[in-house]
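Dear colleague,

I am passing on the structure we spoke about, together with some notes on what turned up in it. Please have it open as you read.

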Amino acid sequence: MTSHTEGKNRRERLILVLLVAGLLSLFPNLNLFEFRGEESLRTIVAFEMYHFKNFIQPTFLGDLYFNKPPLFNWLIILSSFVIPWSELTSRIVTISALALSLLIIYKFSFRIFNDRLTALFSALIYLTFLDILFWYGFLAEIDVTLSMIVILMIYFQYFGFLENKRSYILLSGITAGVGFLLKGFPAFVFFGLTYISLILFTKRFKDFLNPYLWISGITAVFIPLVWIINTEDPKGYINRLFFESLMRAEGSTDLSKFLIHLIEYPLLNLKQMIPWSIFGLFLIYLIWIKKERFNVPTDIKIILLITAVNYLPYILAVESRGRYIIPLFPLIAVVLSYMLIKINRENIIKYMIYTASVFIVLRFLVGFIGIPIYMEKKASRKEVAYSIVNQVDLSKKIACDCYMEKSVCLYVGFEKNEPIIHPKYVPNWNYLITCHQKEEVELIKEYNLKGKKVYLYRR
């Protein structure tokens, strides 16, 4: 075995260690970091589904909920059979999806380039994007799980279309249908724009009439249709999901606002992909400014086109958020990995390994040190919930109409082993958790969450 081969094998083993370490870095103090944002919403919906055995129609505090399909909630429920209800119950869904994404990215990259080092770096780059490693990679939000579904779908589309594998084309439709169950119409947008990109690049325009593509598309629609026709209000549900998607693609008649978005959104995306966006800018400098020779293979050109076409709806929509393009991060990771390795600059691979290592060490420090410090300074919803639990008789009926501080109601529900829902569904409640002052009922305690008030009443 040559010294070059030994060095390459050593690097591959080191990257494998970094991938495992990166995933493990997400776990320290995971349950100490309280639910934030939409995490508690996703978990409440799942908790109510589980308790009331209504797995078709999501509810939130007892009200019918139409903003998202139910797949993410189903996955949380599956997790609850192994992990008792807590932050970890919901967040393990995202971490598991992230781990599966790394495997798919590795397989996708290796199948294209037939090089383990490039494939392993593709996975490592995705894992260590700033937004993945330090935020969305562990939160109980849908985006990273959708990213896993989308890269799997594109895997089937890419090889199914280019290698004329009909089974893969059909599998891409099934995956798109599952993606709809996760987040609605965005899955169909990724599905359609990816096939359009492939047809345009290859100039196989007859494939617009390819029966397998159409069967795949029909399958993608049929899968969520089976679910949605069994909900309480199928038409209203579809309208709501469509409206949610339309909000993502909404333009602006204000030209200045649109032009600002054209500048700010790419900058936001570059920040999301630190540190590898810096490496990417270095690549651009070498190729465009220094005129360094670099042969861009066809596969990279196709992946870049797929990425660019799928990026268009978000760069054109002024209301787009950075997390909306997380499903494109795996493709960007594959491109960066290949180009950084092939640029063949002195010590570039060493710098890549050092950079990933530093970020993973920082993530461990955030988990072990940063999260406890942050939670000490933050107004704790969990402490409020535990105080409420000590003030009430859990055997009696408790209601909640505090939508803004839903995490408090969720934590109380965990302790009571049943969801705390709106008082209109519990007319004979004994205790009420609310964000509003009430008359003609006894105030037990008022909580101040740094300006936000939560009241506990008894009657």
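How many residues does helix α2 have, and how far does α2 reach from its first C-alpha to its last? This is a predicted model, and in it α2 spans residues 39-52, which makes 14 residues, with a reach of 20 Å that is close to the 20 Å expected at 1.5 Å a residue. Of those 14 residues, 11 are buried, so that the helix is mostly covered; the buried ones include Leu41, Ile44, Val45, Phe47 and Met49, but also Glu39, Arg42 and Glu48. The buried residues of α2 pack against β1 (59-60), α3 (71-80), α4 (87-113) and α18 (406-416), and just after the helix Lys53 takes a positive phi of about 60 degrees.

Turning to the interior, the largest nonpolar core has 140 residues, and Tyr126, Phe129 and Ile433 are those with the most contacts inside it. Helix α7 (residues 143-162) gives the most to this core, namely 13 residues. A second, separate core of 7 residues includes Trp429, Leu432, Tyr455 and Tyr457. Leaving aside neighbours within four places in sequence, Ile433 is in contact with Tyr455, among others, as well as with Ile388, Val408 and Val412.

On the surface, a nonpolar patch of about 1200 Å² is made by residues including Leu255, Ile263, Phe282, Tyr285 and Trp288, and the elements that give two or more residues to the patch are α12 (255-272) and α13 (276-289). Ile263, which is found in α12, counts as exposed because its relative accessibility is 55%, where the cut-off for exposed is over 50%.

With best wishes

Definitions and conventions
Residues numbered from 1 in each chain as written. Predicted model: local features only at pLDDT ≥ 70, side-chain atom pairs only at ≥ 80, totals over all residues. Heavy atoms only, no water. Helix = DSSP H or I, 4+ residues; strand = E, 2+ residues; numbered from the N terminus. Expected span 1.5 Å × (residues − 1). Buried < 20%, exposed > 50% of the residue type's maximum accessible area, 1.4 Å probe, protein only. Contact = heavy atoms within 4.5 Å. Core = buried A, V, L, I, M, F, W, Y, C linked by side-chain atoms within 4.5 Å. Patch = residues over 30% accessible without salt bridge, like charges linked within 9 Å, V, L, I, M, F, W, Y side chains within 5 Å. Areas by Shrake-Rupley, 256 points an atom, 1.4 Å probe, with all protein chains shown as cover. Salt bridge = Lys/Arg side-chain N within 4 Å of Asp/Glu carboxyl O.
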